[in-house]
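Me: Could you take a close look at one part of this structure for me? I'd like to know what sits around it and how it connects to the rest.

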Amino acid sequence: MKTIVFSTHKFEEPYLVKANDGKHQLKLLESRLTQETAILATGSKAVSLFTGDDASAHILEKFNAFGVKYIALRSAGFNHVNLAKAAELDMKVARVPAYSPYAIAEHTMALILALNRKLIKAHNRVRDRNFSLNGLTGFDLNGKTVGVIGTGKIGSVLVKILNGFGCKILVQDVIVDENLINSYNVIYTNCETICKQSDIISLHVPLTSSTKHLIDAKHISLMKQGVMLINTSRGGLVDTKAVIEGLKTKKIGYFGIDVYEEEEGLFFEDHSDDILQDDVIARLMTFNNVLITSHQAFLTETALTNIAETTIYNPDCFEKGKVSGNEVS
């Protein structure tokens with residue numbers, strides 16, 4: 001099957017080629033899918049999209065005119081695809097539902113530890129031959145209360161890790177996981193209670209109309225003074241401007257993110273020679289208690305292998321008329 005792969009990054013290319021093993025006619029493009037680049041899919045039966053690609057209604061209509069019938073996502077999330085329009089056009093969409101929950105959960109823990117023990121500041125200080133410890137004081141994670149919002153695959157792995165650190169764990173999810181209660185003594189509660197009682201809060205829920213800006217000025221006002229807030233899930237879960245106000249008042253003592261609401265066209269690209277146009281993230285970068293990584297939590301060998309294999313498996317199933325179990329439309 002002729003397949004155009006948009007937003008191909010150097011870090012994933014060898015994994016895709018190996019997983020494909022000559023099965024499909026892959027054309028790997030660095031270009032992100034936009035109104036202007038959609039025409040590159042002309043003559044292809046399938047396209048593969050990454051998180052920053054724009055699969056809005058108008059672009060899907062263009063795809064349909066070009067003969068595209070299938071969309072293979074290289075992500076678990078699919079909020080960048082207009083599923084209603086895809087269904088209307090009888091266009092099938094499949095995702096990679098799980099590639100490595102350990103990769104995301106471990107990166108979340110890395111952000112927590114780096115912020116707490118001020119590792120970036122310490123590293124930069126030593127590189128300047130400054131070996132002073134002033135201003136580097138952290139806190140013991142043992143005994144701290146951590147709120148995990150979302151106990152799916154990733155949230156559950158994080159709970160296991162936090163339990164190993166001796167944390168008291170509060171969680172919220174629409175589905176109660178009895179195994180987490182029995183194995184790690186988690187306490188299921190609501191978002192308000194988590195905000196009021198947690199020393200650290202980590203987000204692991206999908207972005208929906210009900211979770212958009214879940215962390216807003218109201219919820220921030222309920223939080224402990226100096227709380228640590230971590231988001232490795234979806235940028236839109238957090239009202240970033242409200243977080244900036246929280247950082248300015250020191251209500252939020254630490255903020256770690258791997259995702260950002262306006263990351264499209266920003267993350268995954270080298271803008272080192274550009275003037276940064278996003279005033280919000282520019283303001284975030286001025287705080288020394290903020291740690292930003294550019295959507296790299298998934299970036300492990302295991303995850304890249306699993307993503308590539310599932311990305312190729314989905315077109316295999318499309319071509320053979322099989323149900324992959326990964327369809328979202």
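Reply: Happy to! Let's start at Phe268, which in this predicted model is partly exposed, with a relative accessible area of 22% (buried is under 20%, exposed over 50%, partly exposed in between, with a 1.4 Å probe). Phe50, by contrast, is buried, at 5%.

The two belong together, as one of the 7 aromatic pairs in the structure (ring centres within 6.5 Å; edge-to-face if the planes are over 60 degrees apart). Phe50 and Phe268 meet edge-to-face, with 5.0 Å from centre to centre and 75° between the planes. Phe50 sits in the loop between strand E3 (46-49) and helix H2 (57-66), and Phe268 in the loop between strand E11 (252-257) and helix H11 (279-284), so their contact ties together parts that are 218 residues apart in sequence (helices are DSSP runs of at least four residues, strands of at least two). These two rings also join Phe11 and Phe298 in one aromatic cluster.

Phe268 turns up again beside a cavity (points on a 1 Å grid where a 1.4 Å probe fits but cannot get out, lined by residues with an atom within 4 Å). The structure holds 4 cavities of 30 Å³ or more, and the largest has a volume of about 100 Å³ (the space filled by probe spheres on the points). Its lining has 13 residues; nearest the centre of this cavity are Phe268, its neighbours Phe267 and Glu269, and also Arg32 and Gly52. By class, that lining divides into 4 nonpolar, 4 polar and 5 charged residues (Asp, Glu, Lys and Arg are charged; Ala, Val, Leu, Ile, Met, Phe, Trp, Tyr, Cys and Pro nonpolar; the others polar).

The second largest cavity, with about 60 Å³ of space, makes a nice contrast: its lining has 6 nonpolar and 4 polar residues, but no charged ones. Among the residues around this second cavity are Thr3, Val5, His24, Ser48 and Pro315. Strand E1 (2-5) and helix H12 (301-320) each supply at least two lining residues there, and H12 gives the most, with 3.

Back to the rings: a further pair links Phe139 and Tyr254, again edge-to-face, 5.9 Å centre to centre with 70° between the planes. Phe139 lies in the loop between helix H5 (119-127) and strand E6 (145-149), while Tyr254 is in strand E11, so this pair ties together parts that are 115 residues apart in sequence. Both of these residues, Phe139 and Tyr254, are buried.

Strand E11 then leads on to the largest nonpolar core, which has 31 residues (buried Ala, Val, Leu, Ile, Met, Phe, Trp, Tyr and Cys joined through side-chain atoms within 4.5 Å). Ile252 and Phe255 are among the residues with the most contacts inside the core, as are Ile149, Ile201 and Val243. E11 and H11 each supply at least two core residues, and so do helix H8 (191-197), strand E9 (200-203), strand E10 (227-231) and helix H10 (240-248). The largest share, 4 residues, comes from H10.

Two practical notes to finish. Numbering runs from 1 along each chain as its sequence is written, and side-chain values use heavy atoms, without hydrogens or water. Local features need pLDDT of at least 70 and side-chain atom pairs 80 or more, while totals for chains, interfaces and linings use all residues.

Note on methods:
Rings of Phe, Tyr and Trp (its six-membered ring) pair if their centres lie within 6.5 Å; planes under 30 degrees apart count as stacked, over 60 as edge-to-face and the rest as tilted. On a 1 Å grid over the protein atoms alone, a cavity is a set of points where a 1.4 Å probe fits but cannot get out, and a pocket is an open set with protein on both sides within 12 Å along at least five of seven lines; lining residues have an atom within 4 Å of a point.
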